[in-house]
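Me: I want to see how each label here is earned. Please set every value against its rule.

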Amino acid sequence: MRILLTGKNGQLGRCFQDVLTGTDHALFAYGSAELNIADAQQVAEVVQQVKPDIIVNAAAYTTVDKAETDSGNAYLVNATGPELLAKQAADLDIPFVHVSTDYVFDGEAVEPYLPTDETNPQGVYGASKLAGERAVKAACEKYIILRTAWVFSEYGNNFVKTMVRLARERDALSVVADQYGCPTYAGDLAKAILHICEQHEHDKPLVWGTYHYCGDTPTSWHGFARAIFAKAEVLGVIDKRPQLKAISSDQYPTPAKRPEYSVMKDENLSLLGITPSDWFAGLRSVLNRI
Ligand SMILES: NC(=O)c1ccc[n+]([C@@H]2O[C@H](COP(=O)([O-])OP(=O)(O)OC[C@H]3O[C@@H](n4cnc5c(N)ncnc54)[C@H](OP(=O)(O)O)[C@@H]3O)[C@@H](O)[C@H]2O)c1
């Protein structure tokens, strides 16, 4: 099938290209230099030229703190872009797969968020992603929105790579222990999206809507760091584990407020034939590659 991918240079975009290797799908992949998703004319031209069977949007404005002072651009990429792509998908009557975030929630919950739970973003990034979700729903019927969280991979900048670098440089580290979420391996998310594409290719019915796709085991950033160091030491990626101190969010202020609790779950993932990310396994494969 013909798959149009945006955001090809990002974590998810690169993992998606990896999972397509060896398949017979025709992938048309674009970075921001070739296709600015917020440019209506470019989007229309590329879609009309490619004539895809499905569109996968892995492009996003993801610098959460910068978004606080750059909201115009955050909304262009996270809301206008998805809307333009979704409109093209609607015109061609093809599915649109879009990725959103746990930051659409306020983090005040005490049990895992479900896709039907009320949203209440706390910062510009989350608000712009929520605006994107709403625009997609309004623009097309055949959409799958996958909300994900704490994405890591062998590519780009992410928490796993930062922790490994810091462990090589320092003897001791302080990591926030009062924010909880679900780490997600971008390679698993990529495989899940490919599965959705193939369900469509084989005319299997897809239940359009919003889903939560993230790691199967919640943890804190501190717990995630501990898991990274333990595995990295066993695999010989670092010589020794640094001392790990638990700190509170107050001790690590950031321009954008982080949700305290953004654990998500979704019992409906089986409707798409996919299962949550086994992030421990993903962590092992990332550490083996960096
Ligand atoms: N990273 C996380 O922890 C996290 C958590 C929750 C949800 N998510 C969501 O998961 C998805 C994938 O995230 P990721 O970590 O793979 O992101 P990423 O590594 O930051 O990649 C995003 C890509 O978007 C592209 N992009 C930015 N502006 C663009 C524009 N105007 N037109 C076209 N492309 C543009 C960039 O392309 P170029 O490099 O070519 O400029 C970049 O490579 C996003 O929807 C994100 O919001 C991520």
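Me: What makes the largest cavity, with about 40 Å³ of space, a cavity?
Reply: This is a predicted model, where local features need pLDDT of at least 70, side-chain atom pairs count only at pLDDT 80 or more, and totals for chains, interfaces and linings use all residues. Residues are numbered from 1 along each chain as its sequence is written, and side-chain values use heavy atoms, with hydrogens and water left out. Now the rule: on a 1 Å grid over the protein atoms alone, a cavity is a set of points where a 1.4 Å probe fits but cannot get out. Its volume is the space filled by probe spheres set on the points, which are joined across faces, edges and corners. The largest cavity holds about 40 Å³. The count is two cavities of 30 Å³ or more.

Me: Which residues line the largest cavity, and what makes them lining residues?
Reply: A lining residue has an atom within 4 Å of a point. Asp 102, Tyr 103, Trp 150, Gln 179, Tyr 180, Trp 221, Arg 258, Pro 259 and Ser 262 line the largest cavity. By class, five are nonpolar, two polar and two charged. Ala, Val, Leu, Ile, Met, Phe, Trp, Tyr, Cys and Pro count as nonpolar; Asp, Glu, Lys and Arg as charged; the others, Gly among them, as polar.

Me: Which residues line the second largest cavity?
Reply: Tyr 103, Phe 105, Gln 122, Gly 123, Lys 257 and Pro 259 do. The volume is about 30 Å³. Three of the lining residues are nonpolar, two polar and one charged.

Me: Why is the second largest pocket called a pocket?
Reply: A pocket is an open set, with protein on both sides within 12 Å along at least five of seven lines, so the label differs from that of a cavity, where the probe cannot get out. The second largest pocket has a volume of about 210 Å³. Its lining includes Glu 108, Asp 178 and Arg 258. By class it has three nonpolar, three polar and six charged residues.

Me: How do you know that Asn 36 makes a polar contact with the ligand?
Reply: A polar contact is a pair of N or O atoms within 3.5 Å; a pair within protein also needs one atom able to donate a hydrogen and the other to accept it, and residues adjacent in sequence count only if both atoms are side-chain atoms. A polar side-chain atom of Asn 36 lies 2.8 Å from a ligand nitrogen, so the pair qualifies. A backbone N or O atom of Gly 10 lies 3.1 Å from a ligand oxygen, so that pair passes too.

Me: How much of the ligand does the protein cover?
Reply: It covers 80% of the 900 Å² of accessible area that the ligand has on its own. The areas come from the Shrake-Rupley method with a 1.4 Å probe; for residues, only the protein chains shown count as cover.
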